[in-house]
Amino acid sequence: MSEAFLISARPDLQQARVEWLKRLEGERRLSALTVTAYERDTRQFLQFLTGHLGDAPGIKDIADLRPSDFRAFLAMRRRDGAGARSLGRGLAGIRSLLKFLERQGLVNAAGVSAVRSPKASKGLPKPLTAADARKVVSGEGQLAEEPWIAARNAAVLALLYGSGLRISEALGLRAGELSGKSAGALRIKGKGGKTRLVPVLPVVAEAVGEYRKLCPWHLPPEEPLFRGAKGGPLQPAIIQREMRKMRAALNLPDTATPHALRHSFATHLLGRGGDLRAIQELLGHASLSTTQVYTAVDTSRLLEIYDAAHPRA
């Protein structure tokens with residue numbers, strides 16, 4: 001990669017940086033966008049060091065840097081408006097350069113290795129609207145030609161939206177755990193081995209019952225409830241693929257995924273005045289702070305939910 005920019009560094013560090021960039025582009029075969037980003041990030045770092053140290057840095061100056069020097073650079077970038085992802089990528093580029101110099105015996109990269117990458121905040125959940133969720137979980141909304149497969153898909157999606165299950169939890173159910181004949185509760189073992197009780201609303205039980213009635217495969221109590229087309233355990237990829245088809249057919253946003261139905265379960269309950277701690281228990285979150293993210297979902301969407309009760313109740 002040609003060195004098209006003037007940088008604040010002594011000749012020894014400039015030359016080493018050019019060699020590092022060529023190594024990234026050639027031997028490591030990083031994408032052109034990544035190499036360009038690393039070039040820009042390290043150039044900004046060297047410009048910062050010129051002011052921070054009072055002179056253009058050389059390899060010796062880089063070798064003497066402490067964790068506090070790298071944190072000062074990150075603080076400066078944050079003040080300039082850089083987000084956690086940009087800061088993390090910038091730190092990754094600096095680490096790569098120093099590791100390159102360390103392998104040549106020129107520096108010790110322990111200082112930068114001791115600095116943690118800024119933690120990127122998770123994006124807000126993107127639930128479906130109540131109307132879209134109703135379409136997705138209804139039997140009429142399914143696109144599969146085989147009636148039993150359409151009923152199966154509707155039952156799985158109803159468990160995600162009506163009971164707040166993860167897709168792995170729904171597909172992990174045994175046939176004896178849910179008869180589909182009556183409403184009640186399910187005992188679900190979720191992440192970290194945490195067990196919780198979740199509701200099975202009558203409409204969800206009916207969807208499961210319809211699937212059981214049409215399913216051509218024998219469903220012994222100790223075997224998987226949901227089956228693939230050839231009778232084996234149903235795989236998550238099948239439901240995810242069906243959801244992609246429904247996105248196109250029903251004109252749903254790209255964020256309409258099976259997991260978005262779980263987000264919708266929580267958001268719609270909260271929008272109707274549901275207790276946050278109760279929702280935490282229903283979702284199986286270990287920490288209340290994980291559940292609190294739903295309170296930050298777009299207010300306009302919550303106001304829409306206030307117009308109607310939970311559609312699956």
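Select threonine 129 and aspartate 132 to begin. A polar atom of the threonine 129 side chain sits 3.1 Å from the backbone nitrogen of aspartate 132. You are looking at a predicted model, by the way. Threonine 129 belongs to the loop between α6 (110-113) and α7. Is threonine 129 buried or exposed? Its relative accessibility is 17%, so threonine 129 counts as buried, the cut-off being under 20%.

**Zoom out to the whole protein**

Now show the full chain as a cartoon. Try picking out the helices and the strands: the protein has 15 helices and two strands. Of its 313 residues, 46% count as buried. If you switch on the surface, its accessible area comes to about 16100 Å², and carbon and sulfur atoms account for 51% of that. What share of the contacts between residues at least 6 apart in sequence joins residues at least 24 apart? For this protein the figure is 63%.

**Into the largest nonpolar core**

Next, select Val136, Leu157, Leu159, Tyr211, Phe226 and Leu261. Within the largest nonpolar core, which has 45 residues, these six touch the most other members. Colour the elements that each supply at least two residues of this core: α7 (130-137), α8 (147-163), α9 (167-171), β1 (184-189), β2 (195-200), α10 (202-214), α11 (236-250) and α12 (258-271). Which of them gives the most? That is α8, with 10 residues.

Stay with tyrosine 211 for a moment and show its surroundings. Setting aside neighbours within four places in sequence, tyrosine 211 is in contact with Trp148, Ala151, Arg152, Ala155, Leu219, Leu225, Phe226 and Arg227. Apart from this core there is another one, made of 31 residues; to find it, select Leu21, Val35, Ile59 and Met76, which are among its members.

**Around helix α10**

Tyrosine 211 is also a good way into α10, where it is buried along with Val204, Ala205, Ala207 and Val208. Turn the view to look down the helix axis. These buried residues cover an arc of only 160° around the axis, so they lie on the same side of α10. Which residues are exposed on the other side? Select Glu206 and Lys213 to see them there. Back on the buried side, the cover over those residues includes α8 and β2.

You can also test the length of this helix with the distance tool. At 1.5 Å a residue, the 13 residues of α10 should span 18 Å, and its end C-alpha atoms are indeed 18 Å apart, so the two agree.

**Serine 163, in helix α8**

Move on to serine 163, which you will find in α8. With a relative accessibility of 0%, serine 163 counts as buried. Draw a distance from its side chain to proline 199: a polar atom of the serine 163 side chain lies 2.6 Å from the backbone oxygen of proline 199. Leaving out neighbours within four places in sequence, the residues in contact with serine 163 are Ala158, Val198, Pro199, Val200, Val204 and Phe265.

**Proline 236, in helix α11**

Select proline 236 in α11. Its relative accessible area is 30%, so proline 236 is partly exposed. Now add serine 168: the two residues are 68 apart along the chain, yet their C-alpha atoms are separated by 7.1 Å. Beyond its neighbours within four places in sequence, proline 236 is in contact with Ile167 and Leu171.

**Asparagine 251, in a loop**

Follow the chain to the loop between α11 and α12, where asparagine 251 lies. Is asparagine 251 buried or exposed? It is exposed, with a relative accessible area of 70%. Check the backbone angle here too. Most residues other than glycine have a negative phi. The phi of asparagine 251, however, is near 60°, a positive value.

**Last stop: tyrosine 38**

Finish in helix α2 (residues 32-53), home of tyrosine 38. Tyrosine 38 has a relative accessible area of 14%, so it is buried. Show what surrounds it: not counting residues up to four places away in sequence, tyrosine 38 touches Trp20, Leu24, Leu30, Arg89, Ala92, Gly93 and Ser96. For one more distance, pick leucine 91. It is 53 residues from tyrosine 38 in sequence, and 9.2 Å separate them in space, C-alpha to C-alpha.

How values were computed
Residues are numbered from 1 along each chain as its sequence is written. This is a predicted model: local features need pLDDT of at least 70, side-chain atom pairs count only at pLDDT 80 or more; totals for chains, interfaces and linings use all residues. Side-chain values use heavy atoms; hydrogens and water are left out. A nonpolar core is a set of buried Ala, Val, Leu, Ile, Met, Phe, Trp, Tyr and Cys residues joined through side-chain atoms within 4.5 Å. Buried means under 20% relative accessible area, exposed over 50%, partly exposed in between (1.4 Å probe, protein chains only). Helices (H or I, at least four residues) and strands (E, at least two) are DSSP runs, numbered from the N terminus. Contact means heavy atoms within 4.5 Å. The expected span of a helix is 1.5 Å times one less than its number of residues. The arc is that of the directions from the helix axis to the C-beta atoms. Accessible areas come from the Shrake-Rupley method with a 1.4 Å probe; for residues, only the protein chains shown count as cover. A polar contact is a pair of N or O atoms within 3.5 Å; within protein, one must be able to donate a hydrogen and the other to accept it, and residues adjacent in sequence count only if both atoms are side-chain atoms.
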